[in-house]
Each structure stands twice: as C-alpha cells, then as structure tokens.
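Please look over the sequence and the 3D structure below before trying the exercises. Each exercise sets a task and then works through a solution.

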Amino acid sequence: MKSSDYLISTVKEAPNDAKIISHQLMIRAGLISKLASGLYSYLPIGLKVIQKVEKIIREEMNKSSALEVLMPVAQPAELWQESKRWEEYGPELLRFKDRHDRDFCLGPTHEEVITNIAKQYIRSYKQLPINFYQIQTKFRDEIRPRFGVMRSREFIMKDAYSFHMNEESLGETYKVMHQTYCNIFDRVGLDYRAVLADSGAIGGDSSHEFHVIAESGEDTICFSDSSDYAANLERAETFSQGEPNSPEEDLKEVETLGVKTIDDVCNLLKVDPQKSIKTLVVIGSDGSLVALVLRGDHELNEVKASKLKGIKQPLQMADEEEVVKKLGCNFGSIGVVNLDIPIFVDYAAACLSDFVCGANENDKHFIGVNWQRDTKQINPSDLRNVVAGDPSPDGQGNIEIKRGIEVGHIFQLGTKYSDSMNANVIGEDGRAVNMNMGCYGIGVNRIIAASIEQNHDEKGIIFPRAIAPFDLVIVPINYHKSSRVRGLADQLYLDCKEKNIDVLLDDRKERPGIMFADSELLGIPHRLVISDTHADNGKIEYKSRSHADKAEIDFKNSVSFILSKLV
C-alpha cells in the first residue's frame with residue numbers, strides 16, 4: 001500500500017476526554033474516530049488491525065472444530081423473557097419497539113438466540129457435542145462509557161456457545177476452549193493471566209477470565225508468587241487460619257462519644273485496626289437481619305457474601321432505621337456481644353482474641369472481646385477481599401495483586417438456558433435431555449486497546465508484529481525530487497509485495513521527521529529508509545520500532561533481511 005492511496009490520519013494531540021494511553025494513541029494514530037459517547041468509527045488503519053486480530057481468532061477457533069455462524073444484532077424480547085433475563089439484565093440492555101409495537105433489544109450477548117437455534121436444529125445426542133461461534137457487533141448501554149474502546153457501548157466480540165449431552169462432555173470442550181484462548185493470546189503477543197472468575201449475569205457454575213496485565217486495568221487479579229493459582233478479586237479465596245488464642249483481657253465497656261468509623265475508634269482507643277472488628281448488617285433470605293463480621297482492616301467481598309446460605313440475593317444492606325429499631329443502635333456501634341441475629345464471621349476475624357467491637361449501644365464499644373467467652377454461636381466464612389501477602393489458597397506461596405484488563409471470559413453454563421428455554425435432545429435411551437452449555441467470549445476491540453496499554457513508549461504504539469497494521473514501512477527521502485530514490489523505493493516496494501510482506505511505502509510530500517514520527521506513532525515494527533546517500537553507497541538504513549539502534553544493511557539484501565525479522 002502507498003500512503004498516497006491511503007488515509008494516514010495522525011494527529012498531534014489527543015482529546016481531553018482520553019484518559020488512558022490506549023485511548024489517546026488510538027485517536028492520535030488515526031485508528032478510531034469518536035462519533036458519540038461510547039461509539040467509535042474505525043478508520044482504515046484501525047480496521048486493518050481489527051481484521052488481523054479476527055484472522056488469528058478465526059484460525060484458532062476453526063482448529064478447535066468450532067463452526068462459524070452469524071446471528072442478528074436485534075433480538076426479540078420473547079427470547080429474553082423466556083430465559084427470564086428481560087428484566088434481570090438491567091438498563092445496559094437497550095430495549096426498543098419496532099413499528100408494530102413489538103419489543104426488541106440490541107444484543108449485548110447471544111445466549112438466547114443460539115439456544116433457540118440449537119432447539120430448532122439439534123435433535124439427537126448423536127449431533128453432540130457441537131460448538132458455534134461468531135465475530136459480531138454487540139451493544140451494551142453503559143451508564144458511563146469511558147477509556148475509548150475499552151468500555152464502549154458498541155463493540156466487536158467473538159462469542160461461542162457449545163452444546164453437550166452431559167457435564168463431562170462440557171468439561172472436555174471447556175478445556176479445549178481454555179487452550180484455544182491461550183493460543184490466541186499467545187499469537188497476539190499479550191502478557192496475560194487466566195484467572196478463576198465469577199459468572200455474574202451470564203450465569204453458570206465455572207468460569208475463567210483472561211486478563212492482560214496493565215496498570216490501567218479496571219479489574220484486580222490475584223495470583224500466587226509460587227504457583228499457577230490465579231483468580232479475580234471476586235473469586236480469590238481465603239481460608240481458616242486456626243483457632244483464636246485464649247482470652248488474656250477482661251471484657252470492658254468504654255465510651256466512644258461521637259466516634260463511628262473503625263479508623264476513628266482505633267485512633268481513640270490506640271488500637272491497631274487488625275485487633276478490631278466491624279459488623280455489617282444485611283437482609284436475610286426471609287427478610288430478617290443478618291450480621292457479617294470482618295476484621296477492621298479488611299473489606300467485604302459482596303460476591304462471596306451474596307452466596308452465603310440464608311442471605312437475600314442480590315446482596316442488600318439493611319436500612320439504618322430498621323437496624324436501630326431491631327438492635328437499638330446506629331451502624332457505627334454494632335458489635336457481636338449479645339447480638340441476637342445470625343452472625344457470619346470472616347475467617348481472619350474469627351481468629352482474633354481480645355479485640356474491639358461495638359457495644360450495641362450508641363457511643364460505646366467493648367474492648368477485650370473474645371468469641372467463645374462473650375458471643376453466641378458464629379458461622380466462620382470466607383467473606384473478605386484477599387490482600388497482598390495472604391497465603392495462596394493452593395498452599396503454595398503468597399498472593400500478589402495486580403491490575404488487569406479482561407479480554408476474554410469462558411463459562412460452564414450448565415443447563416441454565418436449556419432448562420428455561422426447553423432446549424433438549426433425545427438421548428441414547430430415547431428420553432429427552434436438556435443440553436449442557438458452555439459460553440466463550442473474546443473482546444476484539446479490547447485486545448487492541450490492551451495490547452497498546454502493554455506496548456507503547458513516548459513516541460507512540462509498539463504493535464506486536466501479528467496485529468500491526470503493516471509489517472514494514474519504507475521511508476524514501478526526497479521521493480518526489482530524486483529519481484534515483486524513487487526508483488529504488490518503488491523497486492523495493494514491489495519486491496516486498498512479491499514476498500507477501502505487508503508493506504507501506506510512505507510516498508507523501510512530507511518532511512522526513514513527520515514520516516518518521518508517523519511510522520513510530522502507528523507502531524509499524526520495521527522501517528527502511530532510502531536516501532541519495534544510500535543510492536550512492538548501495539546501503540539502506542534499518543530500524544526496529546522496539547529498539548533505538550539503527551543499522552546500515554546492503555540494499556540488495558534488504559528483502560531477505562526483513563523476511564528474517566518476520567519469522
């Protein structure tokens with residue numbers, strides 16, 4: 001491709017609303033153009049990168065024996081009502097009516113549509129297992145779109161859905177897809193982690209997320225420093241650390257006038273927050289009050305708490321007025337001594353002895369509290385977010401915590417959708433059996449943004465070769481003034497194309513500095529520079545985008561040299 005036949009739409013400055021580097025560089029490099037909040041057009045170079053990502057995804061999905069399909073973006077409400085997600089999904093589901101006043105939505109995902117297809121066309125166990133995938137536009141009406149294509153309203157996703165006779169078959173395909181995703185992200189050139197995850201609104205029993213390690217990531221991932229254990233913050237487990245020590249202090253009530261927060265209480269009493277507890281009150285499944293107790297320096301993990309037996313789902317904090325009526329005190333004074341409601345205590349808090357807690361009376365706290373001596377029966381549980389330095393749940397090493405960008409997610413859905421939508425097949429014994437399902441998603445746009453977050457410098461993007469818009473850029477100095485430079489550049493360009501090198505010839509009437517800056521901003525991995533001096537000595541200048549050094553190579557060997565770099 002020649003620049004004169006292409007759109008090179010680089011800009012010097014990113015807009016003020018571009019807060020993270022991938023958003024800034026995608027705008028500056030002319031990959032995307034903002035249309036409205038959370039909506040972006042992909043310009044030629046951006047689309048070229050997308051197509052390279054999609055090519056890798058297709059090749060690996062096809063290797064896994066998945067079958068490509070294409071489903072509509074607009075989906076009828078009846079399917080979502082059948083799966084019971086029409087109201088459950090929330091305002092991110094963009095609902096609308098057609099001219100006949102029928103309810104539709106723009107698909108944020110396609111479980112309902114693919115289950116409907118399977119229901120129509122898969123009749124017998126002999127057709128299973130089967131796995132369908134598509135690469136297609138999705139729409140989620142984000143309340144606050146941000147970070148460019150990282151969290152946009154319209155985006156491109158590869159979503160796949162597998163159907164199985166039983167859980168064993170589902171587990172086998174799940175392993176295949178896990179490896180397929182690793183193959184995809186390896187080929188793209190990402191530094192990533194596969195982590196245990198919560199299934200969220202999609203549902204299901206088991207899931208893994210694939211996270212690209214990046215400081216700008218919205219997610220917190222936790223992993224062992226000595227093993228392969230990894231999980232997102234919602235799923236990272238803690239466990240019992242033993243029994244509390246025997247009491248050494250007497251229970252004593254103290255005044256804490258006007259003091260409510262843990263930090264303020266501990267400062268007043270000169271106690272480490274690790275020797276205090278905080279008591280949160282939530283609604284139980286029967287509408288009663290339930291206490292959740294954590295160590296003073298720990299944070300509640302709401303996903304874990306919502307899965308406790310006897311807790312209302314989704315998790316709902318109790319209203320303070322109701323707490324005062326039932327317990328006789330405000331939030332800041334709730335404690336566990338003589339507390340007459342069910343009590344779930346985080347494992348770390350359950351190990352404490354001689355600790356501080358509220359006295360269930362406003363402006364008063366207890367010191368010297370001990371579980372066995374001073375409280376009723378408690379339920380030790382995993383309630384909190386892990387913190388750096390916690391023991392790894394697999395018993396190997398300690399937990400490290402980093403930021404991550406989610407680029408893929410795989411689920412074992414079980415029969416969640418086939419049950420509600422009556423998607424069954426005739427089994428070997430002649431009986432109808434609801435199919436087990438798996439679901440596997442990759443954010444195509446996110447892969448590009450995540451790659452840029454990991455691969456950039458002060459000059460711009462440093463694309464991995466697999467998804468770079470071009471393998472090579474040829475920069476001829478004085479192309480329009482020197483016939484010798486033009487002749488050498490044109491011949492080199494044709495030789496590269498003949499060898500299937502994805503090459504850009506920058507034949508614009510621009511200063512060399514501008515052409516160099518654009519090639520670096522665009523992240524093109526390799527650059528060859530031709531000038532009159534090179535025409536005289538038979539040399540050509542080579543520079544790698546990822547290294548500062550330049551090299552002089554023989555012009556006649558330049559194509560073979562570039563080919564060696566592309567292996």
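The exercises that follow deal with single residues, ring pairs, charged pairs and the backbone.

This is a predicted model, in which local features need pLDDT of at least 70 and side-chain atom pairs count only at pLDDT 80 or more, while totals for chains, interfaces and linings use all residues. Residues are numbered from 1 along each chain as its sequence is written, and side-chain values use heavy atoms, with hydrogens and water left out.

**Exercise 1. Describe the place and the surroundings of Thr-375.**

Step 1. Begin with the secondary structure, where helices (H or I, at least four residues) and strands (E, at least two) are DSSP runs numbered from the N terminus. Thr-375 belongs to the loop between helix 10 (371–374) and strand 19 (379–381).

Step 2. Turn to accessibility, for which buried means under 20% relative accessible area, exposed over 50% and partly exposed in between (1.4 Å probe, protein chains only). Because its relative accessible area is 15%, Thr-375 is buried.

Step 3. List the contacts, a contact being heavy atoms within 4.5 Å. If residues up to four places away in sequence are not counted, Thr-375 touches Val-336, Val-337 and Asn-370.

Step 4. Follow the side chain of Thr-375, which reaches the backbone oxygen of Trp-371 at 2.5 Å.

**Exercise 2. Work out what surrounds Lys-48 and where its charge lies.**

Step 1. Lys-48 is found in helix 2 (residues 44–63), and with a relative accessibility of 17% Lys-48 counts as buried.

Step 2. Leaving aside neighbours within four places in sequence, Lys-48 is in contact with Tyr-6, Pro-469, Phe-470 and Asp-502.

Step 3. Apply the rule that a charge sits over a ring if NZ of Lys or CZ of Arg is within 6 Å of the ring centre and within 35 degrees of the ring normal. Lys-48 lies over the face of Phe-470, at 4.2 Å from the ring centre. Likewise, the charged end of Lys-416 sits over the ring of Tyr-417, 5.5 Å from its centre.

**Exercise 3. Classify the ring pairs of Trp-80 with Tyr-89 and of Phe-132 with Phe-163.**

Step 1. Recall that rings of Phe, Tyr and Trp (its six-membered ring) pair if their centres lie within 6.5 Å, and that planes under 30 degrees apart count as stacked, over 60 as edge-to-face and the rest as tilted. By this rule there are 10 aromatic pairs.

Step 2. The ring centres of Trp-80 and Tyr-89 are 5.6 Å apart and their planes stand at 85°, so this pair is edge-to-face. Trp-80 is buried at 0% relative accessibility, and Tyr-89 is buried at 13%.

Step 3. For Phe-132 and Phe-163 the centres are 6.3 Å apart and the planes are at 65°, so this pair is edge-to-face. Since Phe-132 lies in strand 7 (residues 130–139) and Phe-163 in strand 8 (residues 154–164), the pair ties together parts that are 31 residues apart in sequence.

Step 4. Finally, ring pairs link Tyr-181, Phe-185, Tyr-192 and Phe-210 into a cluster.

**Exercise 4. Find which parts of the chain the salt bridge between Lys-52 and Asp-502 links.**

Step 1. A salt bridge is a side-chain nitrogen of Lys or Arg within 4 Å of a carboxyl oxygen of Asp or Glu, and by this rule the count comes to 36 salt bridges.

Step 2. In the bridge between Lys-52 and Asp-502, the closest N and O atoms are 2.9 Å apart. The pair links distant parts of the chain, with Lys-52 in helix 2 and Asp-502 in the loop between helix 13 (483–498) and strand 27 (503–505), 450 residues apart.

Step 3. Compare the partners: Lys-52 is buried at 18% relative accessible area, whereas Asp-502 counts as partly exposed at 22%.

Step 4. Add the network of salt bridges that links Lys-55, Glu-59, Glu-60, Lys-63 and Arg-187.

**Exercise 5. Locate the cis peptide bond between Leu-128 and Pro-129 and the positive phi of Asp-101.**

Step 1. The cis bond joining Leu-128 and Pro-129 has an omega of about -5°, and Pro-129 is in the loop between helix 4 (111–121) and strand 7.

Step 2. Asp-101, a residue other than glycine, has a positive phi near 65°. Asp-101 lies in the loop between strand 5 (95–97) and strand 6 (103–106), and at 53% relative accessibility Asp-101 counts as exposed.

Conventions:
Polar contact = N/O pair within 3.5 Å; in protein donor to acceptor, adjacent residues only side chain to side chain.
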